[in-house]
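Let's take a walk through this structure together, beginning with a single residue and working outwards. Keep the viewer open as you read.

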Amino acid sequence: KGDFDYKLEFTKLVTEEPLVKNRVRTIAIQKEVNKLAKEIMVDYPTIPKYNLAKDIADKLVEEDKILNPPKLEAIRKKYLTKYPNF
């Protein structure tokens, strides 16, 4: 009893907090990407996924809502998983 590894506990705290912040950021980006995708799909219902990702990437940079918005390929591969049914 009494053997408590403070170094280990501190390491856990340091590694867990950035994961939570990244998760919140990812959810916010996902919501914004879905919103933009719906808007674009209304005007162009048969737009290919690649072009949709390009338009979304351009709008994210243009609107400047998200600090360091994801690149075209990241949007296409990670955030457009529900394409074409948003």
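In this predicted model, a good place to start is Glu32, which counts as buried because its relative accessibility is 12%, and the cut-off for buried is under 20%. Glu32 sits in helix H1, which covers residues 6–43. What does Glu32 touch, once its neighbours within four places in sequence are left aside? Its contacts are Leu60, Glu63, Lys65 and Ile66.

Now zoom out for a moment to see where this residue belongs. The protein has three helices and zero strands, so read from the N terminus its elements run α-α-α. Of its 86 residues, 22% count as buried. Among contacts between residues at least 6 apart in sequence, 58% join residues at least 24 apart. The accessible surface comes to about 6800 Å², and carbon and sulfur atoms account for 57% of it.

Leu60, one of the contacts of Glu32, leads us to helix H2. This helix takes in residues 49–63, and its 15 residues should span 21 Å at 1.5 Å a residue; the end C-alpha atoms are indeed 21 Å apart, so expectation and model agree. Which residues of H2 are buried? They are Leu52, Ala53, Ile56, Ala57 and Leu60. These residues lie on the same side of H2, because the arc they cover around the axis is only 135°. Turn to the face directed away from that buried side, and you will find Val61 and Glu62, both exposed. Just after H2 comes Asp64, with a positive phi of about 60°.

The buried side of H2 brings us to the core. In soluble globular proteins, nonpolar side chains tend to be buried together. Here the largest nonpolar core holds 16 residues, and those touching the most other members are Val33, Leu52, Ile56, Leu60, Ile75 and Leu80. Each of H1, H2 and helix H3 (72–79) supplies at least two residues of this core, with H1 giving the largest share, six residues.

Val33 makes a fine last stop. Leaving out residues up to four places away in sequence, Val33 touches Ile56, Leu60, Ile75, Tyr79 and Leu80. Two of these names, Ile56 and Leu60, will be familiar from the buried residues of H2. Leu60 is also a contact of Glu32, which brings the walk back to the residue where we began.

Definitions and conventions
Residues are numbered from 1 along each chain as its sequence is written. This is a predicted model: local features need pLDDT of at least 70, side-chain atom pairs count only at pLDDT 80 or more; totals for chains, interfaces and linings use all residues. Side-chain values use heavy atoms; hydrogens and water are left out. Helices (H or I, at least four residues) and strands (E, at least two) are DSSP runs, numbered from the N terminus. The expected span of a helix is 1.5 Å times one less than its number of residues. Buried means under 20% relative accessible area, exposed over 50%, partly exposed in between (1.4 Å probe, protein chains only). The arc is that of the directions from the helix axis to the C-beta atoms. Contact means heavy atoms within 4.5 Å. A nonpolar core is a set of buried Ala, Val, Leu, Ile, Met, Phe, Trp, Tyr and Cys residues joined through side-chain atoms within 4.5 Å. Accessible areas come from the Shrake-Rupley method with a 1.4 Å probe; for residues, only the protein chains shown count as cover.
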